[in-house]
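Me: I am new to this structure and should like to understand the terms used to describe it. Please show it first.

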Amino acid sequence: MIFKIVLAANLISFILSGIVFIIIRIISGWFSLVYFIIIFLITDAFLIYGTFERKSLIFGKTFWKSQKSDMAISITFDDGPNEPYTSQILNILDTFNIKATFFVIGENAELYPDIVRKIANNDHEIGNHSYNHEVLPLKSPAFTKNQIRKTSDLIEKVAGVRPELFRAPHGWRNPWVNLIAKEEGCTPVAWTLGVWDTDHPGVETIINRTLGKIQSGCVLLLHDGRGTEQNPDSSQLVRALPIIIQKCKEKGYRFLKLSEMIKESGKR
Ligand SMILES: [Zn+2]
């Protein structure tokens, strides 16, 4: 999929550079292959960076870190619900009496509507993570809108709350993903720190990657599922989570739901 997206970016850059070049040539009669290549490379780099870099402003702002949240962190879980792991995570959060944000996939929510309801009833936040985790950069505006709206409708139906946050699958975007998310009432968000927990690197590694880089204003990305895979194993995260939370508490961190952090940072 990355190859396809890069190929599309190359093609679009080639066409755009060609158009710019033809216009310049018509106006001034001037032509240089070197300048064509420079325009092409710059356009290509912009498109590829804007697509894959979640912090990039090229395709619009996403909230990925708080500059104003002193000693606050926000724990987020993507790709659920996925049982029994989501329930186990909810129990851990309850034990520590902290709140988190769950970016739910619509297709997974259909499998576990009770868990979606439980997330909301336990006063955690539910975000929208698309309907079936399709990567969006090569999808049409209509497809993107459908992915977001269908999932928000579903979450509202089963849990009684409509998501106010949207996180694109893998954080990959195109020029219309952020705009459509906002039209659907969602703030586009990303994350500060990901620990690649879906690769099953081991409990110790998940803990060390998290504690080694956590800081004030951090949006921590963890996973209670893995895309739309049926019942992937998230047990390493479940074992790592209590230790991560305990250590963060000892360091004096506050735990905010993501929309609370966004409000505190004055971004909404
Ligand atoms: Zn995801």
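Reply: The exchange below takes up several features in turn.

Reply: This is a predicted model, in which local features need pLDDT of at least 70, side-chain atom pairs count only at pLDDT 80 or more, and totals for chains, interfaces and linings use all residues. Residues are numbered from 1 along each chain as its sequence is written.

Me: Why is P81 counted as buried or exposed?

Reply: A residue is buried if 20 or more other C-beta atoms lie within 10 Å of its own, exposed if 12 or fewer, and partly exposed in between, with C-beta atoms placed from the backbone. P81 has 26 C-beta neighbours inside 10 Å and therefore counts as buried. P81 is found in the loop between strand 1 (72-80) and helix 3 (85-96). Helices (H or I, at least four residues) and strands (E, at least two) are DSSP runs, numbered from the N terminus.

Me: With which residues is P81 in contact, leaving aside its neighbours within four places in sequence?

Reply: Two residues are in contact if their C-beta atoms, placed from the backbone, lie within 7 Å. On that basis P81 touches T86, V104, N108, A109, Y112, I115, V116 and D224. The C-alpha atoms of P81 and V104 are separated by 6.3 Å, although these residues are 23 apart along the chain.

Me: Which peptide bonds in this loop are cis?

Reply: The bond from G80 to P81 is cis, with omega near -5 degrees. Another cis bond joins E83 and P84, where omega is about 10 degrees. P84 also belongs to the loop between strand 1 and helix 3.

Me: What makes D123 exposed and H133 buried?

Reply: D123 has 10 C-beta neighbours inside 10 Å and so counts as exposed, whereas H133 has 22 other C-beta atoms within 10 Å and is therefore buried. D123 lies in the loop between helix 5 and strand 3, and H133 in the loop between strand 3 and helix 6. Phi is positive in D123, near 70 degrees, and in H133, about 65 degrees; neither D123 nor H133 is a glycine.

Me: How do you know that the span of helix 6 agrees with its number of residues?

Reply: The expected span of a helix is 1.5 Å times one less than its number of residues. Helix 6 (residues 141-159) has 19 residues and should therefore span 27 Å; its end C-alpha atoms are 27 Å apart, which agrees. G160, which follows helix 6, has a positive phi near 75 degrees.

Me: Why are the buried residues of helix 6 said to line one face?

Reply: The buried residues are T144, Q147, I148, T151, S152, L154, I155 and A159. Seen down the axis of helix 6, they fall within an arc of 160 degrees, so they line one face of the helix. The arc is that of the directions from the helix axis to the C-beta atoms. A142 and K157, on the other side, are exposed. Among the elements against which the buried residues pack are strand 2, strand 3 and helix 7 (177-183).

Me: What joins strand 2 to strand 3, and how do they run?

Reply: Two strands pair if DSSP finds at least two bridges between them. Four bridges join strand 2 (residues 101-104) to strand 3, and the strands run parallel. F102 stands opposite I126 in strand 3. Both faces of strand 3 (residues 125-128) are covered, with E125 and G127 buried on one side and I126 and N128 buried on the other.
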